[in-house]
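Here is a friendly walk through one protein model, taken a few spots at a time. Keep the 3D view open as you read.

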Amino acid sequence: RSHRPMRLRLLLSGGAARRGSSLPAHRCTSSLATKLPEVASAARFASRVDAALAAPAPAAADLATLAHDPERVRLVLRAAMATTHLHTQSRIAAYEGEGYYTIGPCGEELLASVALALRPTDPAALHYRHVGTLVARQLQRGATLERVLLDRARGHTISVNDPVTGGVHCSLGDDPQFDFLVTSTLASQGPQAVGRAVAIEHLPAAQRWPSDAISYVSCGDGSVNNSEWLSAVNAAELVAHRRRACPVLFCVSDNGLSISFKTGTWTASWAEQRLGMRVFAADGTSLPQLLRASQEAADYVRGSRQPATLLLSNLPRRFGHAATDRQSAYLDAAAIEAARERDPVAAAAAAAVQAGLLSRSEVLAANDEIGAAAAAAFAMADGGIHSSTSVSKM
């Protein structure tokens, strides 16, 4: 391991290589599970990186954004790759009867960028697809990637050792002081986030968070039609209208699908017609745009103490909403295949290569090792430890 290029070791470890007990080696995937679209897609990651490298390079301004802070880009890539592999392993586990939660985040992995614009001490409530944001927050707090992967694997397998819910439900969470559980699709996280924003500013005696903290809450495009989300937006704008501080940042990720319902361009129209607060927008598949827009949005809310919305568009849903989703009932074969091939992680990794932050071989090696670590985490979580060979510490 000591012979790896330094940049690869930094990508894998986040800057600190640690020794200690390791997870068991790659889980033994059944031959039938290899036919899952996620598994087949994972084998084509290198070809998608190569296709992105062969395409025209990103604009000079975008490359400059990436080169400005290489460590932040590496952290996003680690979190994004981990998110993809957690999705894949959750589908394998479900197929083999060992996993019970399969709603997938593939296509929205680069939302890890949002965590960099926030602070680990900002209270956050994340939509269930925004795994990348959670993984990045945990890495920012100093957690090892192995620990993060094992925690998530225990959630997907509904293990009593799941540190978030103890096997009651698969939820995103970490530090209960700063990470708030979201268990449904009904946008019930919205009003609570507004309440936290008001508490930060107006209840100093009961303060749980720094005085300059902001409250962050996210949802998918389908949830903007839910009364809970509309109530939250209305409440935040009412507080602001009364010239009181309400430092809440709403985030909406728009992949054009609310499970099987096609939302089309409605989310952007909704934001334009309905929102009186400041709106920051970015292409959710562009890492440079995400880094800039999320930082601008967080800085605005933190500085003005007023609400704002971060609207992320053009996101693909690369696979079905969950393992039980039969996409062929509402999407044609061409649309399904096109979505699978739209890989924001591969595009971001290629952009990092073009910005001189990593080499192609470093990207592919890191992806392989993170994939092996995710498989090992699920092997440990479900009790099916198939080998004593260790996976390299990350």
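## Rings, charges and hidden spaces

Let's start with a charge over a ring: R196 lies over the face of F180, at 3.9 Å from the ring centre. The model you're looking at is a predicted one, and a similar arrangement turns up elsewhere, with R278 over the face of Y300 at 5.1 Å from the ring centre.

Now stay with F180 for a moment. What does F180 form with W209? The two make an aromatic pair of the edge-to-face kind, with 6.2 Å centre to centre and 65° between the planes. F180 belongs to strand 2 (residues 179-180), while W209 is in the loop between helix 9 (189-202) and strand 3 (215-220), so the pair ties together parts that are 29 residues apart in sequence. Is F180 buried or exposed? F180 counts as buried because its relative accessibility is 17%, and the cut-off for buried is under 20%. W209 is buried too, with a relative accessible area of 8%.

A further pair brings together W229 and F250. Their planes are at 70°, and angles over 60 degrees count as edge-to-face, so this pair gets that label. The ring centres are 5.4 Å apart. Here, too, distant parts of the chain are linked: W229 is in helix 10 (residues 227-241) and F250 in strand 4 (residues 248-253), 21 residues apart. Both W229 and F250 are buried. In total, the model has three aromatic pairs, and the table sets out the two just described.

| Pair | Centre to centre | Angle between planes |
|---|---|---|
| F180 and W209 | 6.2 Å | 65° |
| W229 and F250 | 5.4 Å | 70° |

F250 also leads us to T309, a residue of strand 8 (residues 308-313). T309 is buried, with a relative accessible area of 2%. Which residues is T309 in contact with, leaving aside its neighbours within four places in sequence? The list is L249, F250, L275, M277, R278, V279 and F280. So two names from earlier come back here: F250 and R278 are among the contacts of T309.

Next, the empty spaces. Rolling a probe the size of a water molecule over the atoms shows where empty space is left. In this model there are three cavities of 30 Å³ or more. The largest cavity holds about 110 Å³ of space. Its lining has 15 residues, and A42, F45, R48, T84 and H85 lie nearest the centre. Helix 2 (37-42), helix 3 (45-54) and helix 5 (70-95) each supply at least two residues of that lining, with helix 5 giving the most, four residues. By type, the lining of the largest cavity divides into six nonpolar, five polar and four charged residues.

The second largest cavity has a volume of about 60 Å³. Among the residues lining the second largest cavity are Y101, I103, Y128, R152, H156 and V182. This lining divides into eight nonpolar residues, two polar and one charged.

Finally, step back to the whole chain. The protein chain has 15 helices and eight strands. Of its 394 residues, 56% are buried. Take the contacts between residues at least 6 apart in sequence: 77% of them join residues at least 24 apart.

Notes:
Residues are numbered from 1 along each chain as its sequence is written. This is a predicted model: local features need pLDDT of at least 70, side-chain atom pairs count only at pLDDT 80 or more; totals for chains, interfaces and linings use all residues. Side-chain values use heavy atoms; hydrogens and water are left out. Rings of Phe, Tyr and Trp (its six-membered ring) pair if their centres lie within 6.5 Å; planes under 30 degrees apart count as stacked, over 60 as edge-to-face and the rest as tilted. Buried means under 20% relative accessible area, exposed over 50%, partly exposed in between (1.4 Å probe, protein chains only). A charge sits over a ring if NZ of Lys or CZ of Arg is within 6 Å of the ring centre and within 35 degrees of the ring normal. Contact means heavy atoms within 4.5 Å. On a 1 Å grid over the protein atoms alone, a cavity is a set of points where a 1.4 Å probe fits but cannot get out, and a pocket is an open set with protein on both sides within 12 Å along at least five of seven lines; lining residues have an atom within 4 Å of a point. Grid points are joined across faces, edges and corners, and a volume is the space filled by probe spheres set on the points. Ala, Val, Leu, Ile, Met, Phe, Trp, Tyr, Cys and Pro count as nonpolar, Asp, Glu, Lys and Arg as charged, and the others, Gly among them, as polar.
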